[in-house]
Every structure is written in C-alpha cells, then in structure tokens.
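This report describes side-chain contacts, covalent links and backbone features in one protein model. The structure is shown first, and the text then goes through these topics in turn.

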Amino acid sequence: KEWCCTNANRGCLSTTTTSPLFDCVAGFDNWQTGWSPEKKEWCCTNANRGCSSTTTTTTSQQFDCVAGANNAAEGWSEAKKSWCCLSFDVGCVVPPPVHDCAAGFDNWHLGWSGAKKAWCCQHEGRGCVI
C-alpha cells in the first residue's frame with residue numbers, strides 16, 4: 001500500500017479525501033437483487049448504475065466504468081482510464097516498480113547499486129543499510 005500511495009497515489013490513507021458512499025462496481029453483475037435500495041438509489045444518481053427502468057436520473061456520466069473494466073489497461077482510452085480511476089477507483093493503472101527488489105537479493109550488499117539499495121529500502125523495506 002505504501003508503494004502504491006507514494007508512486008501511484010492509490011491506496012493512501014487520508015483524512016482529506018472522501019470515498020464514495022457506495023462502490024458501484026462491486027456486485028454490479030447482480031445489482032437487481034444484491035444491492036440495497038439505498039445503494040441502488042445512490043449509484044443510479046451518482047454513477048448511472050443500478051437504475052431500474054422506472055428510475056430516471058438527470059446526471060450523465062462521461063464514461064461507463066463497468067463496461068470493459070476487466071480489460072481496462074489495454075481496452076480503454078487514457079481519458080476513460082483517468083476519469084474512471086479518479087471517479088470510482090476502477091481502471092487505475094499502476095506503473096511497474098523502478099527496481100526489482102527480489103532480483104539479486106541474496107547478494108544485495110555487493111551486487112546492488114546505491115540507487116537500487118536506496119529505492120528498495122524506501123519502497124519495499126529491503127536492502128536497507130543499518
């Protein structure tokens with residue numbers, strides 16, 4: 001979580017950021033019977049998800065963040081990934097780590113560069129010089 005927070009601004013614990021009241025992606029495949037009336041109402045109004053045929057909403061969403069979510073990294077545009085990530089924490093792409101801290105760990109004292117030692121120590125707690 002610490003690496004994701006530091007490098008991708010994901011999974012951070014913060015008192016200034018509020019999470020959505022409901023996760024409108026979780027359980028969407030079974031929203032009709034699996035969601036509470038409160039979740040249906042909130043998700044319909046705020047995410048255009050879980051709306052019954054008799055429910056109307058005046059809000060429209062820029063993107064459908066459920067459609068194609070299982071292949072978001074390759075199938076979505078950058079704009080959709082960014083919007084859905086910021087709006088619903090869906091489709092977020094986490095960059096790969098700068099260093100592979102498992103590679104060469106058995107001989108990290110002599111085999112790793114100073115930059116790799118510093119990065120791995122800071123981000124994964126490995127290779128730290130005491």
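In this predicted model, Lys81 and Glu78 form a salt bridge through their side chains, with an N to O distance of 2.8 Å. Both residues belong to helix H5 and are three residues apart, about one turn of the helix. An α-helix has 3.6 residues a turn, so residues three or four places apart point the same way. The two ends of the bridge fall into separate accessibility classes: Lys81 counts as buried at 9% relative accessibility, while Glu78 counts as exposed at 60%.

How many salt bridges does the structure hold? There are two. The other one pairs Arg49 with Asp64, and their closest N and O atoms are 2.1 Å apart. Arg49 and Asp64 both lie in the loop between H3 and helix H4 (72–75), so the bridge ties together parts that are 15 residues apart in sequence. Arg49 is buried, with a relative accessible area of 14%, and Asp64 is partly exposed at 32%.

**Disulfides**

A search of the whole structure finds six disulfides. A disulfide is a covalent bond between the sulfur atoms of two cysteines. The table gives three of the six.

| Pair | S to S distance | Torsion about S-S | Hand |
|---|---|---|---|
| Cys24 and Cys43 | 2.1 Å | -90° | left-handed |
| Cys44 and Cys51 | 2.1 Å | about 110° | right-handed |
| Cys65 and Cys84 | 2.0 Å | about -85° | left-handed |

The disulfide of Cys24 and Cys43 links distant parts of the chain, with Cys24 in the loop between helix H1 (2–8) and helix H2 (31–34) and Cys43 in helix H3, 19 residues apart. Both Cys24 and Cys43 are buried. The disulfide of Cys65 and Cys84 also links distant parts of the chain: Cys65 is in the loop between H3 and H4, and Cys84 is in helix H5, 19 residues apart. Cys65 and Cys84 are both buried.

In the disulfide of Cys44 and Cys51, Cys44 is found in helix H3 and counts as buried at 1% relative accessibility. Its partner Cys51 is partly exposed, with a relative accessible area of 22%. Cys44 is also 20 residues from Cys24 along the chain, and the C-alpha atoms of these two residues are separated by 8.7 Å.

**Nonpolar cores**

In soluble globular proteins, nonpolar side chains tend to be buried together. Which members of the largest nonpolar core touch the most other members? Of its 14 residues, these are Cys24, Trp35 and Phe88. At least two residues of this core come from helix H3 (37–47), and at least two from helix H5 (78–88). A second, separate core has five residues, among them Trp108, Trp112, Trp119 and Cys120.

Beyond its neighbours within four places in sequence, Cys24 is in contact with Trp35, Trp42, Cys43, Ala47, Arg49 and Val66. This list contains its disulfide partner Cys43 and the salt-bridge residue Arg49.

Trp119 and Cys120 also appear among the buried residues of helix H7 (residues 114–124), which are Lys116, Lys117, Trp119, Cys120 and His123.

**Aromatic rings**

The structure holds seven aromatic pairs. In one of them, Trp83 and Phe88 have ring centres 5.9 Å apart and planes at 65°, so the pair is edge-to-face. Trp83 counts as buried at 19% relative accessibility, and Phe88 is buried with a relative accessible area of 17%. Elsewhere, ring pairs join Phe28, Trp31 and Trp35 into a cluster. The ring of Phe105 has the charged end of Arg126 over it, 3.8 Å from the ring centre.

**Backbone**

Most residues other than glycine have a negative phi. Asn48 is not a glycine, yet its phi is positive, near 55°. Asn48 is found in the loop between H3 and H4 and is partly exposed, with a relative accessible area of 36%. Asp89, which is not a glycine either, has a positive phi of about 60°; its place is in the loop between H5 and helix H6 (108–111). Gly125, which follows H7, has a positive phi near 65°.

Terms used
Residues are numbered from 1 along each chain as its sequence is written. This is a predicted model: local features need pLDDT of at least 70, side-chain atom pairs count only at pLDDT 80 or more; totals for chains, interfaces and linings use all residues. Side-chain values use heavy atoms; hydrogens and water are left out. Buried means under 20% relative accessible area, exposed over 50%, partly exposed in between (1.4 Å probe, protein chains only). Helices (H or I, at least four residues) and strands (E, at least two) are DSSP runs, numbered from the N terminus. A nonpolar core is a set of buried Ala, Val, Leu, Ile, Met, Phe, Trp, Tyr and Cys residues joined through side-chain atoms within 4.5 Å. Contact means heavy atoms within 4.5 Å. A salt bridge is a side-chain nitrogen of Lys or Arg within 4 Å of a carboxyl oxygen of Asp or Glu. Rings of Phe, Tyr and Trp (its six-membered ring) pair if their centres lie within 6.5 Å; planes under 30 degrees apart count as stacked, over 60 as edge-to-face and the rest as tilted. A charge sits over a ring if NZ of Lys or CZ of Arg is within 6 Å of the ring centre and within 35 degrees of the ring normal. A disulfide is a pair of cysteine sulfur atoms within 2.5 Å.
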